[in-house]
Protein chains: 2
Amino acid sequence: MQTKVTKLLNIKFPILQGGMAWIADASLASAVSNAGGLGIIAAMNADADWLRAEIKKCRAMTDKPFGVNVMLMSPHADAVAKVVVEEKVPVVTTGAGNPSKYIKIWKEAGIIVIPVVASVALAKIVERVGVDAVIAEGCESGGHIGELTTMTVVPQVVDAIKIPVIAAGGIADGRGMVAAFALGASAIQMGTRFLVANECTVSEAYKQKVVSAKDISTVVTGRRLGHPVRSIKNHYTNNYAKLEADSSYSNAELEELGIGSLRRAAKDGDTENGCFLAGQISGLVKKQESAQDIIADIMQGAEKLLNKNWNNL
Amino acid sequence: MQTKVTKLLNIKFPILQGGMAWIADASLASAVSNAGGLGIIAAMNADADWLRAEIKKCRAMTDKPFGVNVMLMSPHADAVAKVVVEEKVPVVTTGAGNPSKYIKIWKEAGIIVIPVVASVALAKIVERVGVDAVIAEGCESGGHIGELTTMTVVPQVVDAIKIPVIAAGGIADGRGMVAAFALGASAIQMGTRFLVANECTVSEAYKQKVVSAKDISTVVTGRRLGHPVRSIKNHYTNNYAKLEADSSYSNAELEELGIGSLRRAAKDGDTENGCFLAGQISGLVKKQESAQDIIADIMQGAEKLLNKNWNNL
């Protein structure tokens with residue numbers, strides 16, 4: 001299946017893997033790219049040396065296109081922005097803000113630039129500065145979220161800009177892919193489903209949390225700090241929510257609580273005190289399998305739907 | 001287009017109109033039913049006499065099937081539950097809870113019963129007590145909302161039950177309809193788009209608020225009381241949000257603030273102090289037109305999409 005996005009990225013299937021902090025490393029990214037999607041390494045808050053090493057590892061494991069997600073609020077964002085140029089990374093996605101200041105150096109280096117946006121206003125801004133596509137992400141996704149849902153943000157962004165739109169948030173099977181296409185998207189990005197890929201190096205406890213999740217297993221915390229985050233309910237989120245609702249706790253104390261919580265989930269598998277970022281679609285993700293099997297399942301599900309008789313629903 | 005839901009309800013198009021309090025009266029419901037959808041009168045907190053009169057008005061304006069939405073938290077719920085039996089209303093939808101206690105009298109009266117659900121757990125419970133279908137509603141919808149989005153609640157409910165699923169939340173055009181079908185729904189329910197129908201008797205100020213809304217024009221208030229509600233941002237919601245975040249204001253004071261706010265929006269058109277319930281898809285709703293033209297636009301948009309070449313997105 002060819003779309004504007006498969007052509008733009010020179011990939012086989014219209015599927016991108018989300019740039020999940022502490023999760024999306026060279027191992028997962030190369031596996032997704034080898035399977036015909038676009039694998040993405042999350043630069044998160046890591047420094048330039050870590051990212052450079054991860055890019056080299058990814059190159060050693062795949063000769064297919066891959067990307068780096070630049071987290072714009074990272075203290076290392078400026079250095080990371082240079083590394084992707086020096087290492088000639090084919091694709092950069094950006095999160096947590098407006099990437100306008102880096103567009104010039106990235107486009108001069110021939111990098112395909114695709115910001116994650118959560119509203120029409122940011123989609124229009126980044127189109128104007130010359131990005132190649134946008135990822136319109138709904139608030140059902142895991143991690144940092146906006147306000148709009150996938151069902152509402154995708155068609156409104158599609159109507160507002162001319163460049164291709166990739167849908168993210170709440171997509172984990174062929175049904176979600178076809179729904180995204182119906183809303184006007186030319187590809188999908190998935191995080192949660194790839195988190196449980198065999199090639200993902202995240203802790204086994206994390207994968208178990210996702211495959212055993214129900215529809216209502218996630219919760220949003222951090223609204224008070226202006227940075228809402230979706231993760232799987234556990235002792236950590238219950239405690240965080242309690243302190244967040246208690247005005248005798250300062251914002252600084254809340255920030256403190258967050259430090260190290262992603263690492264504790266992803267690396268240590270600390271089910272009590274880790275913050276297990278994951279989307280509302282976790283309830284649909286039932287098993288661990290290879291990145292290749294995940295992509296095959298999505299594509300088969302989508303093709304079956306697209307060929308069905310829609311007159312007998 | 002025939003689906004399980006058009007056959008169940010004996011309607012021409014797989015489109016239900018949401019049971020919006022202070023908005024969905026006999027005028028709107030009969031117009032939607034005459035146009036081939038299923039119009040629905042909202043019983044809201046009104047008493048049995050009001051509802052009986054509205055049902056009679058609706059019958060005078062249409063010979064097509066229509067429904068009544070029973071708000072289970074209404075102080076008049078028991079009386080209203082009897083009126084729909086006495087008046088032989090063809091279809092009842094329910095909101096704000098578990099309708100199990102009324103299922104027996106409704107099914108004995110031959111009424112088709114369709115609860116609104118926001119999670120897999122409630123969908124399974126109501127299937128077990130013998131309802132005919134469910135409306136799986138995402139939190140992008142206007143009014144009282146749950147936690148899950150349409151993109152995530154619909155496929156998870158579809159997988160969990162055998163009866164037909166109607167998708168609601170974030171749907172206002174043919175793209176949304178086809179997305180809902182892809183996710184496994186057999187029909188859609190729309191509120192916000194029907195709110196601006198010519199036949200809707202809501203204040204002109206309300207319709208203007210919806211047609212001029214942008215993607216980020218809605219906000220959720222009332223989380224502290226356990227009854228989150230989505231409405232269009234204005235002086236009322238700003239003030240409410242401020243007091244809600246201020247722990248020196250009691251829950252009782254917050255409840256007080258809500259009294260009369262829906263009526264002020266729907267009847268008085270009080271743009272400052274009314275609570276204008278509406279969904280995130282308001283940004284896509286650009287004009288007032290007849291219920292018939294709304295339904296024709298949705299169906300044409302959906303059919304165009306279903307016949308398109310999906311290989312060139």
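Okay, let's start with a lysine: Lys214(B) is exposed, with 54% relative accessible area. Before I go on, please keep in mind that this is a predicted model. So where does that lysine sit? In chain B, Lys214(B) is in the loop that runs between helix H10 (204-211) and strand S10 (218-221). And Lys214(B) has company, being one of a positively charged surface patch with Lys124(A), Arg128(A), Lys233(B) and Lys286(B). If you have the model open, colour those five by chain: Lys124(A) and Arg128(A) come from chain A, and Lys214(B), Lys233(B) and Lys286(B) come from chain B.

Next, salt bridges. How many salt bridges does a search of the whole structure find? Over all chains, the count is 26. I'll walk you through a few.

Take Arg193(A) and Glu289(A), whose side chains form a salt bridge with an N to O distance of 2.7 Å. This one ties together distant parts of the chain, with the two positions 96 residues apart: Arg193(A) is in helix H9 (residues 192-195) of chain A, while Glu289(A) is in the loop between helix H13 (261-266) and H14 of that chain. Are these two buried or exposed? Arg193(A) is at 9% relative accessibility, so it counts as buried. Glu289(A), at 11%, counts as buried too, because the cut-off is under 20%. Glu289(A) also forms a salt bridge with Lys287(A), where the closest N and O atoms are 4.0 Å apart.

Over in chain B, there's a salt bridge between the side chains of Lys57(B) and Glu54(B), at 3.2 Å from N to O. Both residues belong to helix H3 (residues 48-61) of chain B, and they are 3 residues apart, which is about one turn of the helix. Their surroundings are worth a look: Lys57(B) is partly exposed at 44% relative accessibility, whereas Glu54(B) is buried at 5%. Back in chain A, Arg52(A), Lys56(A), Glu86(A) and Glu87(A) are joined into one network by salt bridges that share partners.

On to the strands. As a reminder, strands of a sheet pair through backbone hydrogen bonds, either parallel or antiparallel. Chain A has an open sheet of 3 strands, in the order S7-S11-S10, and the pairing is antiparallel. Which strands are at the edges? Strand S7 (143-144) and strand S10 (218-221) of chain A are the edge strands, each pairing on one side only. S7(A) pairs with strand S11 (residues 229-232) of chain A through 2 bridges, in the antiparallel sense. If you want a residue to click on, Gly143(A) has Arg230(A) in S11(A) as its bridge partner.

Chain B gives us some parallel pairing. Strand S6 (residues 134-137) of chain B runs parallel to S8(B), and 4 bridges join the two. Glu137(B) has Ala168(B) in S8(B) as its bridge partner. S8(B) also runs parallel to strand S9 (residues 187-190) of chain B, with 3 bridges joining them. There, Ala167(B) is opposite Ile188(B) in S9(B). Now look at the side chains of strand S8 (residues 165-168) of chain B: Val165(B) and Ala167(B) point one way, Ile166(B) and Ala168(B) point the other way, and all are buried.

A quick word on backbone angles. Most residues other than glycine have a negative phi. Here are two that go positive. Lys88(A) has a phi near 50°. You'll find Lys88(A) in the loop between helix H4 (77-86) and strand S4 (91-95) of chain A, and at 64% relative accessibility it counts as exposed. The other is Asn10(B), with a phi near 60°. Asn10(B) is in the loop between helix H1 (4-9) and strand S1 (15-17) of chain B, and Asn10(B) is exposed as well, at 62% relative accessible area.

Last stop, Gln292(A). This residue is in helix H14 (residues 291-306) of chain A, and at 55% relative accessibility Gln292(A) counts as exposed. How far apart in space are Gln292(A) and Asn309(A), C-alpha to C-alpha? They are 28 Å apart, with a sequence separation of 17 residues.

Terms used: Residues numbered from 1 in each chain as written. Chains lettered and ligands numbered in written order. Predicted model: local features only at pLDDT ≥ 70, side-chain atom pairs only at ≥ 80, totals over all residues. Heavy atoms only, no water. Patch = residues over 30% accessible without salt bridge, like charges linked within 9 Å, V, L, I, M, F, W, Y side chains within 5 Å. Areas by Shrake-Rupley, 256 points an atom, 1.4 Å probe, with all protein chains shown as cover. Lys, Arg positive; Asp, Glu negative; His and termini not counted. Charge placed at Lys NZ, Arg CZ, Asp CG, Glu CD. Buried < 20%, exposed > 50% of the residue type's maximum accessible area, 1.4 Å probe, protein only. Pairing = 2+ DSSP bridges.
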